[in-house]
Amino acid sequence: QGMHGAHNSAYELIDTTLNVCIDSDDYMPDDAVEKILKFWEENQSEEIAGIAALDAYESGEVIGTTFPKDLKTSTSFDMYYKHGVCGDKKFIYKTELTKKFPYPIFEGEKYVGLAYKYRKIDLTHKLALMNEVCIVEYMEDGSSRNMLKQYINNPKGFIFYRKENMKNPNGNLKYKFKECVHYVSSNFIIKNRKFIKESPLRLLTVLATPAGFCLYKYITKKTR
């Protein structure tokens, strides 16, 4: 069922206070668990959903940017779109919150953006920002490298994900327009003529249709 389906299965079994996903090409330093638990003890509260920490290459070079020194908490969305943080980060969440928003499963497909769950949690909680490395090795491969093929193989999952992003109250017009463009392209892939009627933002979707069609043509050309 793909990575998101594996997450669903894991969340059904996890009974610890916190959880984190470590990809197959990653590993954690020897003292990572101790650092996480110590940081959690110092920062936990009802308003905090968990911890965002840094990913790094084996050389120690941080992937993307570190968190601003004066920023102690943030939602995952604001972290990227308001505070200018970039690059993959490691998200360590309260298990009780991750259980609340299972990923939908679409027959024959294996991809739904994992950030769907993070954005849902953003609506009620923030993350404590831990400016230390938790992951010390990273290889750009798998779904990130083969994203265009993912679009072709998992259009319903992407349509769901884009619609949820379009409904995000924290997204600005530019963000939502880009989501509409991607939404349109995925609907062209499955030849769904009702995509405007089914869109949460109909007018913006109409305006995004030419760009969405161009993206659809680009994706199909690159994946032949």
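Is Met166 buried or exposed? In this predicted model, Met166 counts as buried, because its relative accessibility is 1%, and a residue is called buried when that value is under 20%. Met166 belongs to helix H7, which covers residues 155-166. Its partner for a distance check is Ser199: the two are 33 residues apart in sequence, while their C-alpha atoms are 8.6 Å apart in space.

Two further residues with low accessibility make polar contacts with the backbone. His4 is located in helix H1, which spans residues 2-13. With a relative accessible area of 2%, His4 is buried. Its side chain reaches the backbone oxygen of Pro104, at a distance of 3.3 Å. Thr75, by contrast, is placed in a loop, the one between strand E3 (73-74) and helix H3 (76-81). Thr75 also counts as buried, since its relative accessibility is 7%. A polar atom of the Thr75 side chain lies 3.0 Å from the backbone nitrogen of Asp78.

The charged side chains may be considered next. Side chains of opposite charge can pair when their charged atoms come close. Across the whole structure, a search finds eight salt bridges. One of them joins Asp122 and Arg119, whose closest N and O atoms are 4.0 Å apart. Why are Asp122 and Arg119 separated by about one helical turn? The reason is that they are three residues apart in helix H5, which comprises residues 115-122. Asp122 is buried, with a relative accessible area of 7%. Arg119 counts as buried too, at 15% relative accessibility.

Another salt bridge connects Glu164 with Lys167. Here the closest N and O atoms are 3.1 Å apart. How do the two partners stand with respect to the surface, and which labels do they receive? Glu164 has 18% relative accessibility and therefore counts as buried. Lys167 has 48% relative accessibility and therefore counts as partly exposed.

A third salt bridge is formed by Asp31 and Lys35, with 3.6 Å between the closest N and O atoms. Asp31 counts as partly exposed, at 34% relative accessibility. Lys35 is likewise partly exposed, and its relative accessible area is 29%. The pair belongs to a wider arrangement: Asp31, Lys35 and Glu132 are linked in a network of salt bridges.

Finally, the surface carries a group of like charges. Which residues gather in a patch of positive charge? They are Lys217, Lys221, Lys222 and Arg224. Membership of such a patch requires over 30% relative accessible area and no salt bridge. Lys222 may serve as an example, since its relative accessible area of 54% makes it exposed. Lys222 is situated in helix H9, which runs over residues 202-222.

Taken together, these details lead from buried positions to the surface. Met166 and His4 are buried, at 1% and 2% respectively. The salt bridge of Asp122 and Arg119 has a buried residue at each end, Asp122 and Arg119. In the salt bridge of Asp31 and Lys35, Asp31 is partly exposed, as is Lys35. Lys222, in the positive patch, is exposed.

Technical notes. Residues are numbered from 1 along each chain as its sequence is written. This is a predicted model: local features need pLDDT of at least 70, side-chain atom pairs count only at pLDDT 80 or more; totals for chains, interfaces and linings use all residues. Side-chain values use heavy atoms; hydrogens and water are left out. Patches are made of residues with over 30% relative accessible area and no salt bridge: like charges are joined within 9 Å, nonpolar side chains (Val, Leu, Ile, Met, Phe, Trp, Tyr) within 5 Å. Accessible areas come from the Shrake-Rupley method with a 1.4 Å probe; for residues, only the protein chains shown count as cover. A salt bridge is a side-chain nitrogen of Lys or Arg within 4 Å of a carboxyl oxygen of Asp or Glu. Lys and Arg count as positive and Asp and Glu as negative; His and the chain ends are not counted. The place of a charge is taken as NZ of Lys, CZ of Arg, CG of Asp or CD of Glu. Helices (H or I, at least four residues) and strands (E, at least two) are DSSP runs, numbered from the N terminus. Buried means under 20% relative accessible area, exposed over 50%, partly exposed in between (1.4 Å probe, protein chains only). A polar contact is a pair of N or O atoms within 3.5 Å; within protein, one must be able to donate a hydrogen and the other to accept it, and residues adjacent in sequence count only if both atoms are side-chain atoms.
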